[in-house]
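Biologist: I am new to this structure and would be grateful for a close look at a single part of the chain. Please explain each term as it arises and relate the part to the rest of the model.

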Amino acid sequence: MESELDGSINKAGWEPWSGGFALKTLYYGEYGNTGSGAGTSGRVNWPGVHPQMSIDEASKFTVANFISGNSWLPATGVDYNGGL
């Protein structure tokens, strides 16, 4: 999410981990990426691929929401962005 993707990114975007394993249950999402590799028109069409998530959907996968980072990361002293 919100990453700079250069031309080294294959248009398909993703490769299967091991043959057809988990292709029906995986969840790969993209949100707000930029750069020459960010175009999603050629992405794989597996059921779990979400190449154009909405801001509401993407927000569920932020540091603050997905791993409750705002509750424990400040104590580590690590710089982070909890949201989008």
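Modeller: Gly 20 is a suitable place to begin: this residue lies in the segment before strand 1. Helices (H or I, at least four residues) and strands (E, at least two) are DSSP runs, numbered from the N terminus. Gly 20 is exposed because its relative accessible area is 54%; buried stands for under 20%, exposed for over 50% and partly exposed for the range in between, with a 1.4 Å probe and protein chains only. From Gly 20 to Gly 37 the distance in space is 24 Å, C-alpha to C-alpha, for a separation of 17 residues in sequence.

The model is predicted, so local features need pLDDT of at least 70 and side-chain atom pairs count only at pLDDT 80 or more, while totals for chains, interfaces and linings use all residues. Residues are numbered from 1 along each chain as its sequence is written, and side-chain values use heavy atoms, leaving out hydrogens and water.

The chain contains two helices and two strands, in the order β-β-α-α along the sequence. Its C-alpha atoms fill a box of roughly 40 × 30 × 25 Å along the principal axes. Of the 84 residues, 25% are buried. Among contacts (heavy atoms within 4.5 Å) with a separation of 6 or more, 53% join residues 24 or more positions apart.

I now turn to the aromatic residues. Rings of Phe, Tyr and Trp (its six-membered ring) pair if their centres lie within 6.5 Å; planes under 30 degrees apart are stacked, over 60 edge-to-face and the rest tilted. By this rule there are four aromatic pairs. One of them joins Tyr 28 and Trp 46, a tilted pair with 6.3 Å from centre to centre and 50° between the planes. This pair links distant parts of the chain, 18 residues apart: Tyr 28 belongs to strand 1 (residues 28-29), and Trp 46 to the loop between strand 1 and strand 2 (49-50). Tyr 28 counts as buried because its relative accessibility is 12%. Trp 46 is likewise buried, since its relative accessible area is 15%. Together with Trp 14, these two residues form one aromatic cluster.

The loop that holds Trp 46 also holds Thr 40. Thr 40 counts as buried because its relative accessibility is 16%. Leaving aside residues up to four places away in sequence, Thr 40 touches Glu 30, Pro 51 and Gln 52.

Finally, the wider setting is the division of the chain into domain 1 (1-52) and domain 2 (54-83), with bounds from an automatic or database domain assignment. Over C-alpha atoms, the domain centres lie 22 Å apart. Five residues of domain 1 are in contact with six residues of domain 2. The two domains bury about 480 Å² between them, 60% of it on carbon and sulfur atoms; buried area is the accessible area (1.4 Å probe) that two parts lose on being put together, summed over both. On the side of domain 1, Met 1, Tyr 27 and Tyr 31 supply 80% of the area buried against domain 2, more than any other three residues. Zero salt bridges are counted between the domains, a salt bridge being a side-chain nitrogen of Lys or Arg within 4 Å of a carboxyl oxygen of Asp or Glu.
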